[in-house]
Amino acid sequence: MLAGKKTYISAVVLALGTFARTMGWIDQGQYDLIMGLAGAMGLAALRAGVAKS
């Protein structure tokens, strides 16, 4: 279902987190948490993609 889309999803989460921080909707601690989780999700998706090839 998510084949080939996991990296894009993590990129969108990163972009939305950055937008929310810029707009002042979230504080720095929340932003750091989102960036850490989304970054780890992106790396896991990348690793899964490399393993498939």
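## A buried alanine to start from

Ala45 counts as buried, at 10% relative accessibility; the cut-off for buried is under 20%. This alanine has its place in helix 2. Please keep in mind as you read that the model is predicted.

Which residues does Ala45 touch, once those up to four places away in sequence are set aside? They are Lys6 and Thr7. Lys6 is 39 residues from Ala45 along the chain, yet the two C-alpha atoms are separated by 5.7 Å.

## The chain as a whole

Let's step back to the overall picture. The protein chain has two helices and zero strands. Its C-alpha trace spans about 40 × 15 × 15 Å along the principal axes. The radius of gyration is 13 Å, whereas a compact globule of 53 residues would come out near 10 Å.

How much of the chain counts as buried? The share is 15% of the 53 residues, and Ala45, at 10% relative accessibility, is one of the buried ones. The accessible surface adds up to about 4,000 Å², and carbon and sulfur atoms account for 72% of that surface.

## How the two helices meet

Helix 1 covers residues 6-23 and helix 2 covers residues 28-52. Their axes come within 8 Å and cross at roughly 165 degrees. Because angles over 145 degrees count as roughly antiparallel, helix 1 is roughly antiparallel to helix 2. The crossing of helix 1 past helix 2 is left-handed.

Which residues make the contact? From helix 1 come Lys6, Thr7, Ile9, Ser10, Val13, Leu14, Gly17, Thr18 and Arg21. Helix 2 contributes Gln28, Tyr31, Ile34, Met35, Ala38, Gly39, Met41, Gly42, Ala45, Leu46 and Lys52. You will recognise Ala45 here, together with Lys6 and Thr7, the residues that Ala45 touches.

## Two further residues of helix 1

Ala11 lies in helix 1. Is this residue partly exposed or buried? Ala11 is partly exposed, because its relative accessible area is 41%, and partly exposed covers the range between 20% and 50%. Between the C-alpha atoms of Ala11 and Met41 there are 9.5 Å, with 30 residues separating the pair along the chain. Met41 is among the helix 2 residues that make the contact with helix 1.

Thr22 also belongs to helix 1. With a relative accessible area of 64%, Thr22 is exposed, since the cut-off for exposed is over 50%. Thr22 and Gly39 stand 17 residues apart in sequence, and their C-alpha atoms are 18 Å apart in space. Gly39, for its part, is one of the helix 2 residues in the contact between the helices.

Technical notes
Residues numbered from 1 in each chain as written. Predicted model: local features only at pLDDT ≥ 70, side-chain atom pairs only at ≥ 80, totals over all residues. Heavy atoms only, no water. Helix = DSSP H or I, 4+ residues; strand = E, 2+ residues; numbered from the N terminus. Rg over C-alpha atoms; globule rule 2.2 N^0.38 Å. Buried < 20%, exposed > 50% of the residue type's maximum accessible area, 1.4 Å probe, protein only. Areas by Shrake-Rupley, 256 points an atom, 1.4 Å probe, with all protein chains shown as cover. Axes fitted to C-alpha atoms, helices over the stretch in contact; angles between N-to-C directions. Parallel < 35°, antiparallel > 145°, perpendicular 65-115°, else oblique. Left-handed = near helix turned anticlockwise from the far one by under 90°. Contact = heavy atoms within 4.5 Å.
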